[in-house]
Amino acid sequence: MLDGFLVSHCAVVMVAAGHILLTKRDTSAAIGWIGTVCVMPFVGVCLYLFFGINRVHRLARKLVKARNPQEGDSDSAVRWSRSGEGTFKPLSRMVGRITGRPLLGGNRLDILIDGDNAYPAMLEAIRQAERSIMLSSYIFRHDQTGKIFVAALTDAHRRGVAVRVLLDGIGAGYFMCRAAKALNEAGVPCRRFLHSVLPWRMPFINLRNHRKILVADGMTGFIGGLNIGDENCAATDIANRVGDMHFRVRGPVVRQLAEAFAWDWSFTCGEELAGRTWFPPLAEEGTDLLRVVTAGPDTDLEKIEYTVLQAITLARRSVRLMTPYFLPGTRIQAELALAALRGVQVEVVIPGRSNHRVIDWACRADIHPLLDAGCRVWLSGPPFNHAKLMVVDREWAFVGSSNFDTRSLRLNFEINVESYRTGFAEQIDDFISSHRRGRLTHHDLDERTLPVKLRDAAMRLLSPYL
């Protein structure tokens with residue numbers, strides 16, 4: 001009996017360890033998982049099956065082979081002219097190669113601060129839509145704001161508009177999503193991304209679709225950090241209010257937004273969205289040079305992180321970023337520190353208190369290297385701001401759904417847009433600077449009591465899954 005148990009123990013450990021060695025690129029992650037399956041062979045293997053194996057990557061490869069890509073907008077692709085030569089030309093070339101998307105000119109990117117400005121614009125686009133609506137959101141509450149969106153989407157569906165709504169399987173409510181229920185009852189096609197109430201039918205519980213996309217008639221798009229809920233409006237009690245920034249996009253780059261949604265929709269339910277209903281010809285609307293950058297634990301792994309790393313490397317004067325959660329990992333930390341050491345002004349703006357205290361604790365344990373290198377870390381005051389923004393040299397901006405934490409950079413499906421227009425970058429840079437309140441210093445961190453330091457350090461160990 002004991003011999004049989006030992007044989008089973010060794011067999012399970014060997015198979016799991018072999019798989020870990022062949023698939024885990026991160027040495028510390030590989031060592032951690034091997035230690036887990038050795039110490040707890042059966043429980044550890046179950047944990048590894050649920051949280052350690054990236055089956056999404058395998059499925060994505062199959063979808064890439066099966067899917068026919070949409071016709072490209074090659075006529076709108078921007079070639080770098082004299083105005084584009086300079087510091088960020090290597091960045092544009094690199095991002096183009098890793099994403100397979102061209103940098104597109106002729107776009108217009110408008111800033112929409114908070115739900116008070118973004119929601120009316122989004123609802124107007126839904127109400128004016130004549131052919132199609134794509135909407136993806138991480139959180140979609142069934143409160144006053146959510147009900148208005150449900151009604152607008154339902155009305156569009158009833159007047160013959162092709163509507164597709166994709167909500168995350170965790171963020172929108174694991175056991176119950178009333179917004180999805182209301183939409184489905186009204187006949188609106190609404191699906192949950194990687195969702196099942198039965199845990200054994202949902203082996204992707206740690207992978208989330210964090211993208212926020214709205215595309216109306218394939219011509220007007222919205223992207224950013226804004227979820228759908230009352231907390232994003234000024235009328236909300238200040239203690240619970242969430243500040244944020246969203247963006248309205250017009251021009252050829254809207255096609256890239258639509259393609260990102262179409263990929264996620266196909267991934268979720270197998271339906272292919274194609275043709276002019278979803279992808280009409282697009283005219284130029286402005287002067288912005290834009291490109292969509294997607295990331296996720298599939299074929300887009302680490303593409304947002306690579307973009308951030310290259311941009312920091314090219315910085316000559318300043319790097320400013322604003323994020324609700326700051327646990328970027330060693331690579332981005334090292335690049336920010338090196339930038340500061342070579343004389344670049346590096347400023348990070350994070351909430352004095354976010355809506356996830358555990359992440360705040362882990363951040364305090366992880367931020368010492370940046371302060372040591374001379375980076376300035378600022379705390380923003382209430383209301384808690386959920387915007388995810390980055391600007392380099394007041395010339396290049398990177399905005400969208402991705403936080404600067406390991407979850408967003410490695411596990412979540414995210415979508416950002418990069419802008420090469422100086423005027424837009426200056427606006428974002430000024431917005432970040434306007435939220436600087438108190439400075440986080442070495443003294444603040446040293447003043448923590450020993451129990452608090454131990455708590456923060458313990459939470460830091462969980463940073464890949466927070």
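**Aromatic pairs, cores and a buried arginine**

Nine is the number to start with: the structure, a predicted model, holds 9 aromatic pairs. One of them joins Phe-140 and Phe-149 edge-to-face, with 6.4 Å from centre to centre and 80 degrees between the planes. Both of these phenylalanines are buried, and together with Tyr-119 they form one aromatic cluster. A further pair brings together Phe-267 and Phe-413, whose ring centres are 6.0 Å apart and whose planes meet at 55 degrees, so this pair is tilted. Phe-267 belongs to helix 9 (residues 254-269), while Phe-413 lies in the loop between helix 14 (406-411) and strand 18 (414-419), so the pair ties together parts that are 146 residues apart in sequence. Phe-267 is buried at a relative accessible area of 9%, and Phe-413 is buried at 1%.

Aromatic rings also meet charged groups in this model, with Trp-378 as the example. The charged end of Arg-436 sits over the ring of Trp-378, 5.3 Å from its centre. Arg-439 lies over the face of Trp-378 too, at 5.6 Å from the ring centre.

Turning to the nonpolar interior, the largest core has 50 residues. Leu-91, Phe-326, Leu-336, Ile-367, Met-390 and Trp-396 have the most contacts inside this core. Helix 10 (residues 303-314) supplies the largest share of the core, with 6 residues. For a view of the surroundings of Leu-336, its contacts beyond four places in sequence are Ile-312, Val-319, Leu-321, Phe-326, Val-346, Leu-370 and Cys-375. A second core, separate from the one just described, has 45 residues, among them Phe-193, Val-254, Val-349 and Phe-424.

Helix 8 (residues 178-185) gives a clear picture of a helix with two faces. Ala-179, Ala-180, Ala-182 and Leu-183 are its buried residues; they cover an arc of only 160 degrees around the axis, which puts them on the same side of helix 8. These buried residues pack against helix 7 (144-158), strand 3 (162-168) and strand 4 (190-193). On the face turned away from the buried side, Arg-178 and Glu-185 are exposed. Just after helix 8 comes Gly-187, with a positive phi of about 90 degrees.

A charged residue away from the surface is worth a look as well. Arg-241 is placed in the loop between strand 6 (220-224) and strand 7 (242-243), and at 16% relative accessibility Arg-241 counts as buried. The side chain of Arg-241 is joined to that of Asp-114 by a polar contact of 2.8 Å. Besides Asp-114, and leaving out residues up to four places away in sequence, Arg-241 touches Glu-231, Cys-233, Ala-234, Thr-236, Pro-383 and Phe-384.

Two of these contact partners have backbone features of their own. Asp-114 is found in helix 6 (residues 114-128) and is buried, with a relative accessible area of 11%. The phi of Asp-114 is near 65 degrees, a positive value in a residue other than glycine. Pro-383, in the loop between strand 13 (376-380) and strand 14 (384-385), follows a cis peptide bond from Pro-382, with omega near 0 degrees. Asp-217 likewise has a positive phi, near 60 degrees, without being a glycine. This aspartate is placed in the loop between strand 5 (213-216) and strand 6, and at 10% relative accessibility Asp-217 counts as buried.

Methods. Residues are numbered from 1 along each chain as its sequence is written. This is a predicted model: local features need pLDDT of at least 70, side-chain atom pairs count only at pLDDT 80 or more; totals for chains, interfaces and linings use all residues. Side-chain values use heavy atoms; hydrogens and water are left out. Buried means under 20% relative accessible area, exposed over 50%, partly exposed in between (1.4 Å probe, protein chains only). Helices (H or I, at least four residues) and strands (E, at least two) are DSSP runs, numbered from the N terminus. The arc is that of the directions from the helix axis to the C-beta atoms. Contact means heavy atoms within 4.5 Å. Rings of Phe, Tyr and Trp (its six-membered ring) pair if their centres lie within 6.5 Å; planes under 30 degrees apart count as stacked, over 60 as edge-to-face and the rest as tilted. A charge sits over a ring if NZ of Lys or CZ of Arg is within 6 Å of the ring centre and within 35 degrees of the ring normal. A polar contact is a pair of N or O atoms within 3.5 Å; within protein, one must be able to donate a hydrogen and the other to accept it, and residues adjacent in sequence count only if both atoms are side-chain atoms. A nonpolar core is a set of buried Ala, Val, Leu, Ile, Met, Phe, Trp, Tyr and Cys residues joined through side-chain atoms within 4.5 Å.
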